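Biologist: I would like a close look at a single part of this model, and then an account of how other parts of the chain are arranged. Please go slowly, since I am new to reading structures.

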Amino acid sequence: MKLFGNCLNQLLQQGFEVMSKNTRQTGKVGIPRTALYLFLSSLALLLFVNASMGSARATSSVSMQETGAEAVPASAESVDVEPGGAQGEEVTAIESESVRPQAEGPFDVEAATQAYMSRLSPEQKARSDAYFEGGYWLLLWGFLYGIGVAWLLLGTGLSVRMRDLAERLTKRLPLQTALYAAQYVIVTALLGFPLTLYTGFFREHQYELATQTFGPWLREQMIGLAVGIVIMPIVLVIMYGVLRRAPRTWWVWGAAVSIVLAAILILLGPVYLDPLFNTYEPLEEGPVQESILSLARANGINVDNVYQFDASRQSTRVSANVSGFAGTMSIRLNDNLLNRMELPAIEAVMAHEMGHYVLNHIYEMLIYFAVILLGGFAFLRWSFDRVLGRWGARWGVRGITDVAGLPLLVALLSIYMFVLTPVLNTIIRTNEAESDIFGLNAARQPDGFAEAALSLSEYRKLDPGPIEEWLFFDHPSGRARIHMAMQWKAEHLEELGARD
Ligand SMILES: [Zn+2]
């Protein structure tokens, strides 16, 4: 851990030395040199990620959310249809509308897909559709709410007052930035609290996805706030250092530094942040542990630990992830997955997670993020001065290097990210589909995989339209996943038959 910290400091220091030297010597930086430095910093980042993780490539906290199966309402296991090949044929007659009998082979992929899908009752389907479609609107309301908070901070002069207070308390610029950042975290948390309360607490209870009472929930919000008060000043001191040192090219450096910071957070999150909210302990010895270790070994993953954690403390959601760095790696299953799913489904989910790991999705995502962030900072460069030219005087914001302008930067970046939502979703969904197929090939549990996909479809819309899926889904839909699994099954009937 210590070694890692030193590497980190060195990297950051070197980065800033290059950057400050650069701006001091030339005053302005030509595009080719900027591009070269950007390339070098990306390279340094990749080397850094490689070195810090050693042989253990991580899928990071990103995989916390993109688990093969995320949320299973309590009734998930009460659906008592026997999984297996027989049911496909049974339902063929009933689901004639969308069943396309196959010319060859004894196994009807469409019928088997339908058989799984029809296990969700109309009530269950309506409920998960409502929950998921509500999420589309929450995207919009969350975005507008954020813009409203930014407008409030700027329009009422609150942001400027926070800056002035910081300036009165200290003469040192970085400290002023840090003090502003701490105030910003607290004020935005307070202003955003009504929405957080609705989305994070009441709505989750309304759909019976949450297990926490208000007290423990609020306590975790406070822990998150404390983490923000520690991390945000560090991030902003670095970012505003960049803005001040590179007045013309800050957007390039801002993007480069952001991606490094994001990488650090992604790497450290599972080790330092996750344990603040849950307890991680070694998995009980037994067939589940043995089976997962075997899967890992078979797929070239060097693992000597499997952990479980008490996610049931917060919710009924099923989840798992592969994470680790600096030569340590662990596979972490949440207790909902262990308690609710049968072994074939657990294997299918774990094999999906291993897919993220083996296919180096973390690196891929970082590269995508770097490109997206560069676009975002270019947009900030273009838009910030324009908006400030119009309203800056009224707001009392002096310029890009003035920390009081942070709400505007955040609002502009949120506009960019909001517009890019379908692109981001598609990038992630593509990786998820890759991991799905990897997982099928690795675990060879098509029915387990379909079970898992069906379970999480009790809260995620099972069968969206194609445009809807493209816009809003960061995972393949349940229907797509089940179909994929049944197709795989159709091509492996002999093998599966011999195994049984
Ligand atoms: Zn995934």
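Modeller: The part to start with is helix 17, whose buried residues are Pro446, Asp447, Gly448, Phe449, Ala450, Glu451, Ala452, Ala453, Leu454, Ser455 and Leu456. Helix 17 is mostly covered, with 11 of its 11 residues buried. Keep in mind that this is a predicted model. A residue counts as buried here if 20 or more other C-beta atoms lie within 10 Å of its own. What do the buried residues of helix 17 pack against? Their partners are helix 5 (109-117), helix 13 (343-358), helix 16 and helix 19 (478-490).

The loop that joins helix 16 (421-443) to helix 17 (446-456) contains Arg444. Arg444 is not a glycine, yet its phi is positive, near 55 degrees. Most residues other than glycine have a negative phi. Unlike the buried residues, Arg444 is classed as partly exposed, because it has 19 other C-beta atoms within 10 Å, while 20 or more would count as buried.

Now the wider setting. The chain has 500 residues, and 39% of them count as buried. Its secondary structure comes to 20 helices and 4 strands. If we take the contacts between residues at least 6 apart in sequence, 79% join residues at least 24 apart.

Helix 8 is one of these helices, running over residues 173-206. Helix 8 has 34 residues and reaches 46 Å from its first C-alpha to its last, close to the 50 Å expected at 1.5 Å a residue. Where does helix 8 bend? A kink of about 55 degrees lies at Phe193, shortly before the proline Pro194. The buried residues of helix 8 are Gln176, Thr177, Ala178, Leu179, Tyr180, Ala181, Tyr184, Val185, Thr188 and Glu204. The elements covering these residues include helix 6 (122-155), helix 7 (158-169), helix 9 (214-245) and helix 15 (406-419).

After helix 8 comes Glu208, which sits in the loop between helix 8 and helix 9. Glu208 is another residue that is not a glycine but has a positive phi, about 55 degrees in this case. Is Glu208 buried or partly exposed? Glu208 is partly exposed, with 15 other C-beta atoms within 10 Å.

Helix 6, named above as part of the cover of helix 8, can be read in the same manner. The 34 residues of helix 6 should span 50 Å at 1.5 Å a residue, and its end C-alpha atoms are 48 Å apart, which agrees. Helix 6 has a kink of about 30 degrees, centred on Trp137. Its buried residues are Ser128, Tyr131, Phe132, Gly146, Ala150, Leu153 and Leu154, and they pack against helix 7, helix 14 and helix 15. Just after helix 6, Gly157 takes a positive phi of about 80 degrees.

Helix 6 also contains Gly142, which is partly exposed, with 17 other C-beta atoms within 10 Å. The C-alpha atoms of Gly142 and Gly192 are separated by 9.3 Å, although these residues are 50 apart along the chain.

Two pairs of packed helices remain. Two packed helices are described by the angle between their axes and the distance between the axes.

In one pair, helix 9 packs with helix 10 (residues 250-273) at an angle of about 160 degrees, and their axes are 9 Å apart. Helix 9 and helix 10 are therefore roughly antiparallel to each other, since angles over 145 degrees are given that label. The crossing of helix 9 over helix 10 is right-handed. Their contact is made by Val227, Val235, Ile238, Met239, Val242 and Leu243 of helix 9, together with Trp250, Trp253, Gly254, Val257, Leu261 and Leu273 of helix 10.

In the other pair, helix 14 (residues 361-395) and helix 15 pack at an angle of about 130 degrees, with axes 10 Å apart. That angle makes helix 14 oblique to helix 15. This crossing, too, is right-handed. On the helix 14 side, the contact is made by Gly376, Phe379, Leu380, Ser383, Phe384 and Val387. On the helix 15 side, it is made by Leu408, Leu409, Leu412, Leu413, Tyr416 and Met417.

Notes:
Residues are numbered from 1 along each chain as its sequence is written. This is a predicted model: local features need pLDDT of at least 70, side-chain atom pairs count only at pLDDT 80 or more; totals for chains, interfaces and linings use all residues. Helices (H or I, at least four residues) and strands (E, at least two) are DSSP runs, numbered from the N terminus. A residue is buried if 20 or more other C-beta atoms lie within 10 Å of its own, exposed if 12 or fewer, and partly exposed in between; C-beta atoms are placed from the backbone. Two residues are in contact if their C-beta atoms, placed from the backbone, lie within 7 Å. The expected span of a helix is 1.5 Å times one less than its number of residues. The bend at a residue is the angle between axes fitted to the seven residues ending there and the seven starting there. Axes are lines fitted to C-alpha atoms, for helices over the stretch in contact, and angles run from 0 to 180 degrees between N-to-C directions. Angles under 35 degrees count as roughly parallel, over 145 as roughly antiparallel, 65 to 115 as roughly perpendicular and the rest as oblique. A crossing is left-handed if the near helix is turned anticlockwise from the far one by less than a right angle, and right-handed if clockwise.
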